[in-house]
Amino acid sequence: MIENNELAMNLESRLSFEEFRKEVLNDYRLACDSREVSLLARKEVLTGKAKFGIFGDGKEVAQIAMSKYFQPGDFRSGYYRDQTVAFATGIATPEQFFSQLYADPDLKNDPFSGGRQMNSHYATPNLDQDGNWLNLTEMKNSAADMAPTAGQMPRALGLAYASKLFREVEALHPLKGLSNNGNEICFATIGDASTSEGHFWETMNAAGVLQVPLAVFVWDDGYGISVPRKYQTTKGSISAALEGFRKTEETNGFDIYNVKGWDYAGMCEVFEAAIRKIRETHIPALFHVEEITQPQGHSTSGSHERYKSKERLSWEREFDCNVKMRSWIIENALCDEETLLAVEAEAKVKAQDARKAAWEKYITPIKEQVQSFIALASPVAALEGADANMVNLAIRDLQNSREPLRRDILKAAAMILLKHKHLKGAAEVAGLQHYYDTYLNSEKEVYNTLLHATGVNSALNVPVVPAAYDADSITVNGYEVLNKYFDQLFSHNSRVFAFGEDVGKIGDVNQGFAGLQQKHGKVRIADTGIRELTIMGQGIGMALRGLRPIAEIQYLDYLLYGLQPLSDDVASLQYRTKGIMHCPIIVRTRGHRLEGIWHSGSPMGMIINSLRGMHVCVPRNMVQAAGMYNTLLQANEPALVIESLNGYRLKEKLPTNLETYTVPLGIPEVLHEGTDVTIVTYGSMTRIVEEAMVTLQEVGVSCELIDVQTLLPFDINHSIVESLKKTNRILFIDEDVPGGGTAYMFQQVIENQGGYRWLDVAPRTMSAQAHRPAYGSDGDYFSKPNTEDVVKVIMEMMQE
């Protein structure tokens, strides 16, 4: 006789098995769905409906197993083969995948990029239009994907580091919508070949030092496009190469796990325990997922049959993860053949339905525009003197096109209007012109907007609060201004963190943070290793999660080490997500005038051309810098602040409202009014120009000196041209190479602002030499613009 408790246990066991069976079948269904999406998407590219495709086929089972332990609040920092992760976590649907494949510009259809990124580039919003942070703990989050290989790694460090801060900093505990006691994991995914990039190694080293909840999954399919693993990785294995990083009881580091990408049960078992450990202990881990296959090769750009042997291709067919999971299900009597065949057939139908729905949403508005164009172009052909054959041919071409593009419509309209300029007075031509202008402007809004944040999130909308002084205002060194400012800031804003090389214990190399680590703690003001790339990544991830990092690059010359994530990730973020994701990182550095090749850099042309989408602030003194920090901290946009390296020991008057006063971005300041010549500059050069102006004044030359304050944005109200209207002469000066920052300022004023109309003499630019500045005071004098250079050029302009 069976006891009641034994009966209950058997019933519970049967129920548990039934739930397990259902879960396995649902996972297999998802694997089939994702595979059919990949297969169908490739066809869409090869038939011309889409431009390019790169897919996650061969990685379905591993990504499903990983996603089972991805919880609300977690972040994904992955790459462009993560479609199954996106489907499994609910971040994306197959229909949205196809909409992105077609480059549908409607954010309702492609909610990740509005057609601005290629397929499998996902993003989730983190801020609303009112400047409020969303409840990230209730969401499954994805940092916006980008294509540069290993580019996802630096910010993954920061996304994980934020969890450490949320757990360890008591002042952050009330921010319940941003973190659940730091329990969130960052799931980073990367292809095995991309682990050869320095980004990967620097990130893994930093994660091992910091001990942050980072789970790194390496999808290892044996190749980097056509290059086998043995030519890319020491020992032919990234886990073997990283063995020295393995954590022990006596050391820091990270855990390392090896799994097979086709072993569903094995991966689930390893991932469940390992990810629980990461979540609880914040010890990072590397998951080397081996024996992954790539059924369709690298991408739609070529065939893997060109570089894989017949034996390899045969092995890939045998060890295809979907095939192996199917066999495992049948061998373990979890499902019968008939049911699996039905699942596979259903997956084909679902993929077709998703494709069809996405295509209809994409093509319908274009075809409606084709009809609007035809309705307005046809009457033009009937006009006397019109080129009817040309108009009708343009109409027929659009009518016969199965996949017309927006550009096809606009090009046809533009050509008709050009050929019929002699009939522009006709109502029919005017109607087509109005249609063309309206449609062109609307599409420019679709494709050419949101490089920067808007509304309350924009730094340009921060109210201006002038610096205030009273009779008791003291004069102090520049670095003391910043020191007092940062002390007040860290006392009143718990979300602000500063970190970088030598920032903590010694208070940075120029003492802006002197004594503040001792007051505010080692976590709030932290030292880092010499790793500019991941200092930027640390700040990026923190900013994406609602913190306000001030990430320091010790000297401007070293920005090159961290430029890639700032350019490819931060600067493009607002644009490539069509405004749904924000990253308000502040990068603090110092540069311009000093002595020596590596500490006197002023590569402003490189910076302003690679960081469009960030603000670039170039304060001439530390009071001005403090005002810029205040402005930036009231907005939700990224910025680079370049303090003047030779200004820390110069005396400045200390404002009474140091913590609240703001400097408006994009608004130049007239430092000295004059009538003979306008001089436009910034940073340390303002002092050189002021010295020259003393001599020029003695010989009767009146100079108007303008400090641009920010290079991005630049003079948004066109105030510099108003000065030029008065002086009719203009000189642009900075410390960049010839054709760098000065050429940019020249173009902005002379071309964009129409300054050429007000010139009496040729405009001039004055820059440093093309080489880097030589060492020593004489090296500085001959390498960069000096007082005598300024006087000489101004006198030449006056005599012209």
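Let's start with two helices that pack against each other in this predicted model: α5, residues 152-168, and α17, residues 532-544. To describe such a pair, you give the angle between the axes and the distance between them. Here the angle is about 55 degrees and the axes are 6 Å apart. Angles under 35 degrees count as roughly parallel and 65 to 115 as roughly perpendicular, so α5 and α17 end up in the oblique class. As for handedness, the crossing of α5 and α17 is right-handed.

Now step back to the whole chain. The domain assignment splits it into domain 1 (17-335), domain 2 (363-444), domain 3 (455-653) and domain 4 (669-799). If you take the C-alpha centres of domain 2 and domain 3, they sit 51 Å apart. UniProt, in an unreviewed entry, puts a feature called "domain: Transketolase-like pyrimidine-binding" at residues 476-650. The two end C-alpha atoms of that span, 476-650, are 8 Å from each other, and its make-up is 40% helix and 17% strand.

Back to single helices, beginning with α4, residues 94-101. Six of its eight residues are buried, so α4 is largely enclosed by the rest of the structure. The buried ones are Q96, F97, F98, S99, Q100 and L101. After α4 comes A103, with a positive phi near 60 degrees.

Helix α8, residues 264-281, lets you do a quick sanity check on geometry. With 18 residues at 1.5 Å a residue, α8 should span 26 Å, and its end C-alpha atoms are indeed 26 Å apart, so the two values agree. The buried residues in α8 include Y264, G266, M267, C268 and F271, and further along the helix A274, I275, I278 and R279 are buried too. When you look at that pattern, keep in mind that an α-helix has 3.6 residues a turn, so residues three or four places apart point the same way. Following α8 is H282, whose phi is positive, near 65 degrees.

That brings us to some backbone oddities in the loops. Most residues other than glycine have a negative phi, and most peptide bonds are trans. Q511 goes against the phi trend: it isn't a glycine, yet its phi is positive, near 70 degrees. You'll find Q511 in the loop between β10 (496-500) and α16. Its relative accessibility is 25%, so Q511 counts as partly exposed. K578 is another non-glycine with a positive phi, this one about 55 degrees. Its place is the loop between α18 (559-576) and β13 (586-591). With a relative accessible area of 13%, K578 falls under the 20% limit, so K578 is buried.

For the peptide bond itself, look at L712 and P713: the bond joining them is cis, with omega about 0 degrees. P713 belongs to the loop between β20 (710-712) and α22 (719-727).

One last loop stop is K522, between α16 (516-520) and β11 (525-527). Its relative accessible area is 67%, which is over the 50% cut-off, so K522 is exposed. If you want a distance to check on screen, take the C-alpha atoms of K522 and I185: these residues are 337 apart along the chain, and the two atoms are separated by 23 Å.

Technical notes:
Residues numbered from 1 in each chain as written. Predicted model: local features only at pLDDT ≥ 70, side-chain atom pairs only at ≥ 80, totals over all residues. Heavy atoms only, no water. Helix = DSSP H or I, 4+ residues; strand = E, 2+ residues; numbered from the N terminus. Expected span 1.5 Å × (residues − 1). Buried < 20%, exposed > 50% of the residue type's maximum accessible area, 1.4 Å probe, protein only. Domains from an automatic or database assignment. UniProt positions renumbered as here; feature names shortened; annotations may be inferred. Axes fitted to C-alpha atoms, helices over the stretch in contact; angles between N-to-C directions. Parallel < 35°, antiparallel > 145°, perpendicular 65-115°, else oblique. Left-handed = near helix turned anticlockwise from the far one by under 90°.
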